[in-house]
Amino acid sequence: MTRTAADLQTARASTGAPVPTPTPAPPVLRWWISDTEETRWVTLVSLVGMLAGLALVLNGGFPLDMPMPTHSFGWVEPTCGLTRGSTALIRGDFALAWRYNPASFLVVGGAVAWLVRTVVGLVSRRWLNLRVRPNAAIWIGLAVAVGALLVRQQSNAEFIINSRL
């Protein structure tokens, strides 16, 4: 006769032995409102990034050509074109931003959303705080997304390596 988990739990309960209860996994995303900003470093990174992007827009792009060493044999990384894509996005050229690097939309959008959160926090003195604890599924999904971006960027390598804003 095969015993099920429910049978074992019932047997333990009838003998007086403590029945183990599974501990719930921590949430992947936790958010809360508080009187203090607990993620100031993200705000600073967002602000510096947006100011750098604005400076690149006003300057006409990065003044120096700094290619990755892998460009010499035609290989690009998933982040190649991210600066030029973000600069194009801030200029309002969505098609060019997508062509340089689709992740530009995530970077600029995330920075703008975080800065909006900062303005609301400064005005209301109430802060939306976030904590992300990725589980295995999130890490696997992220690896697949980065792999897909790598394939996409490599298919567009000639444009990324040879074009300038």
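1. A good place to start is helix H3, where the buried residues are Leu82, Arg84, Gly85, Ser86, Thr87, Ala88 and Leu89. That is seven of the 10 residues in H3, so the helix is mostly covered, taking buried to mean under 20% relative accessible area. Please keep in mind while reading that this is a predicted model.

2. What covers H3? The cover over its buried residues includes H2, helix H4 (94–100), H5 and H7. Just after H3 comes Gly92, and its phi is positive, near 100°. The next points take the helix partners in turn.

3. Take H5 to begin with. Helix H3 (residues 82–91) packs against helix H5 (residues 103–124) at an angle of about 60°, and their axes are 9 Å apart. The two helices are therefore oblique to each other, and H3 passes H5 in a right-handed crossing. On the H3 side the contact is made by Leu82, Gly85, Ser86 and Leu89, and on the H5 side by Ala103, Ser104, Phe105, Val107 and Val108. Sorted by class, this contact has six nonpolar residues, three polar ones and no charged ones. You may like to look again at the H3 contributors, since Leu82, Gly85, Ser86 and Leu89 are also listed among the buried residues of that helix.

4. Now for H2 against H3. Their axes come within 9 Å and cross at roughly 75°, and H2 and H3 are therefore roughly perpendicular to each other. Here Gly53, Leu54, Leu56 and Val57 in H2 meet Thr83, Thr87, Ile90 and Arg91 in H3. The classes in this contact are four nonpolar, three polar and one charged.

5. H2 also packs on H5. The axes of helix H2 (residues 40–59) and H5 come within 9 Å, crossing at roughly 120°. Why are H2 and H5 described as oblique to each other? An angle of 65 to 115 degrees would count as roughly perpendicular and one over 145 as roughly antiparallel, so the angle here falls in the oblique class. The crossing of H2 and H5 is left-handed, whereas H3 passes H5 in a right-handed one. From H2, the residues involved are Val42, Thr43, Ser46, Leu47 and Met50, and they meet Ala111, Val112, Trp114, Leu115, Arg117 and Thr118 in H5. By class this contact has seven nonpolar, three polar and one charged residues.

6. Moving on to the core, which residues make up the largest nonpolar core? There are seven: Val76, Cys80, Tyr100, Ala157, Phe159, Ile160 and Ile161. Helix H7 (residues 157–162) supplies the largest share, four residues. As general background, nonpolar side chains in soluble globular proteins tend to be buried together.

7. Ile160 deserves a visit of its own. This residue lies in helix H7 and counts as buried because its relative accessibility is 0%. Leaving out residues up to four places away in sequence, Ile160 touches Val76, Cys80, Gly81, Arg84, Tyr100 and Gln153. Arg84 in that set is one of the buried residues of H3, while Val76, Cys80 and Tyr100 belong to the largest nonpolar core. Ile160 and Asn101 are 59 residues apart in sequence, yet 8.7 Å apart in space from C-alpha to C-alpha.

8. Finally, have a look at Ala157, another member of the core. With residues up to four places away in sequence again set aside, Ala157 touches Gly74 and Val76.

Notes: Residues numbered from 1 in each chain as written. Predicted model: local features only at pLDDT ≥ 70, side-chain atom pairs only at ≥ 80, totals over all residues. Heavy atoms only, no water. Axes fitted to C-alpha atoms, helices over the stretch in contact; angles between N-to-C directions. Parallel < 35°, antiparallel > 145°, perpendicular 65-115°, else oblique. Left-handed = near helix turned anticlockwise from the far one by under 90°. Contact = heavy atoms within 4.5 Å. Nonpolar A, V, L, I, M, F, W, Y, C, P; charged D, E, K, R; others polar. Core = buried A, V, L, I, M, F, W, Y, C linked by side-chain atoms within 4.5 Å. Buried < 20%, exposed > 50% of the residue type's maximum accessible area, 1.4 Å probe, protein only.
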